[in-house]
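Thanks for coming, everyone. I have one structure to walk through today. Please have a look at it before I go on.

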Amino acid sequence: MDSRRVLGAGVAGLLVVALAAGCSSSGDGSDGGDSSTSVLTGEPGAAGRVLAVKIDNVGAARPQTGLNSADLVYGIEVEGGLSRLMAVFDSDHLPGTIGPVRSARETDLQILAQYDRPALAFSGAQSKLLPVLEDSDIVARTGTSAFFRNPDRPAPHNEYIHPEGLTDGAGEAKDIGLRFAAKTPSGGTANTTTTASMPHARFTFTWDGKRYTVALDGGKSPWTTDNVIVQRVKVKESRFRSRTGFVPFSQTVGSGTGVVLRDGRSYAVRWSRPSDSAGTTYTRDGGSGSGTTMRLHPGRTWIVLEPA
């Protein structure tokens with residue numbers, strides 16, 4: 001269990017007190033808050049250095065390992081309309097083992113450009129993509145002694161990492177546009193279950209009264225999250241193609257629509273990210289709060305890049 005969960009009740013109480021005193025867990029909304037809260041979760045304590053890990057998400061890879069320690073988890077379309085995950089950890093909340101680890105894609109490059117020199121652990125990449133990764137601001141982690149095979153799993157779904165030390169040389173977590181508040185925003189719609197889909201993948205999130213449980217392709221998982229963002233994106237063919245077929249590239253620079261889930265309610269939003277280096281903003285779309293910044297519950301977030 002993530003150690004942050006043990007402090008959940010106390011943290012919530014501190015946040016309520018802060019709000020009553022006129023403070024928000026993310027500052028005034030014009031910046032990422034101060035050093036006393038994580039820019040990635042809105043929880044007390046600054047986030048450390050960032051490690052992103054590409055993780056398998058087919059039946060043979062489940063259950064994965066370590067996802068409930070991630071600050072954020074992205075659901076990303078890959079070949080065949082299937083999905084993979086990219087889990088983002090800060091160096092202060094690393095689990096002992098993460099995996100199964102799989103290969104990088106062009107979509108990962110664009111997502112991670114809004115972070116400050118993150119480390120990325122992956123099992124490999126298309127031959128023309130590898131030098132691009134090496135020349136980017138990403139600290140590439142692949143094929144090191146941190147990687148190992150689990151003999152109880154079939155290849156290629158059996159490669160894992162021990163992440164300790166993989167954040168060495170990576171940048172500190174930076175503001176990527178997320179905003180947080182302990183109080184549930186007004187408006188929205190009561191909604192206990194939401195599904196986000198790709199051509200051959202499904203993510204279903206169900207509110208259990210405390211947080212959201214995660215089902216993958218219709219099957220239960222041990223994973224939970226405090227917030228869900230279903231971000232509808234344009235999908236085109238990647239520059240780094242494969243002989244096996246269409247390689248999707250999910251565009252996270254631009255703008256579009258989406259849905260945010262928190263506290264058992266859903267909120268229509270618009271998202272905007274003007275450039276690779278910019279963070280992503282989420283703004284309420286419709287209803288009494290239309291045009292205002294959408295604030296997440298302090299805690300962990302899954303972001304599913306659903307084809308528009």
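**Contacts, cores and empty space**

Start with the contacts. Take pairs in the protein chain that are at least 6 apart in sequence: 66% of those contacts join residues at least 24 apart. The secondary structure comes to 4 helices and 20 strands. The chain has 308 residues, and 52% of them are buried.

Now, confidence. This is a predicted model. The average pLDDT for the chain is 90, and 89% of the residues score at least 70. Where is the weak part? Residues 1-31, where pLDDT stays under 50. The model still gives that stretch 47 contacts beyond four places in sequence. Where pLDDT is low, predicted coordinates should not be read in detail. Please keep that in mind for residues 1-31, with pLDDT under 50 throughout.

On to the interior. In soluble globular proteins, nonpolar side chains tend to be buried together. Here the largest nonpolar core holds 36 residues. Which members touch the most others? Leu40, Leu72, Tyr74, Tyr115 and Leu120. Several elements give two or more residues to this core. Among them are strands S2 (50-55), S3 (72-77) and S4 (83-90), along with H3 and helix H4 (129-135). Further along the chain, strands S14 (227-233), S18 (265-273) and S20 (301-307) do so too. There is also a second, separate core of 35 residues, including Ile55, Leu85, Val101 and Trp207.

Let me stay with Tyr74 for a moment. Leaving out residues up to four places away in sequence, Tyr74 touches Arg84, Leu85, Met86 and Val88, among others. Its partners also include Ile111, Gln114, Tyr115, Ile176 and Ile303.

That brings us to empty space. How many cavities of 30 Å³ or more are there? The count is 1. The largest cavity has a volume of about 90 Å³. Tyr74 is in its lining, and so are Ile111, Gln114, Ile176 and Ile303. The rest of the lining is Leu178, Gln231, Thr252, Arg273, Thr280, Tyr282 and Leu305. By class, that lining has 7 nonpolar, 4 polar and 1 charged residues.

Last, a pocket. The second largest pocket has a volume of about 250 Å³. It is lined by 15 residues, and the closest to its centre are Leu109, Gln110, Ala113, Ser136 and Asp276. Which element gives the largest share of the lining? Helix H3 (residues 106-112), with 4 residues. The lining of this pocket divides into 7 nonpolar, 2 polar and 6 charged residues.

That's my tour. Over to you.

Methods:
Residues are numbered from 1 along each chain as its sequence is written. This is a predicted model: local features need pLDDT of at least 70, side-chain atom pairs count only at pLDDT 80 or more; totals for chains, interfaces and linings use all residues. Side-chain values use heavy atoms; hydrogens and water are left out. pLDDT is the predictor's confidence in each residue, from 0 to 100. Contact means heavy atoms within 4.5 Å. On a 1 Å grid over the protein atoms alone, a cavity is a set of points where a 1.4 Å probe fits but cannot get out, and a pocket is an open set with protein on both sides within 12 Å along at least five of seven lines; lining residues have an atom within 4 Å of a point. Grid points are joined across faces, edges and corners, and a volume is the space filled by probe spheres set on the points. Ala, Val, Leu, Ile, Met, Phe, Trp, Tyr, Cys and Pro count as nonpolar, Asp, Glu, Lys and Arg as charged, and the others, Gly among them, as polar. A nonpolar core is a set of buried Ala, Val, Leu, Ile, Met, Phe, Trp, Tyr and Cys residues joined through side-chain atoms within 4.5 Å. Buried means under 20% relative accessible area, exposed over 50%, partly exposed in between (1.4 Å probe, protein chains only).
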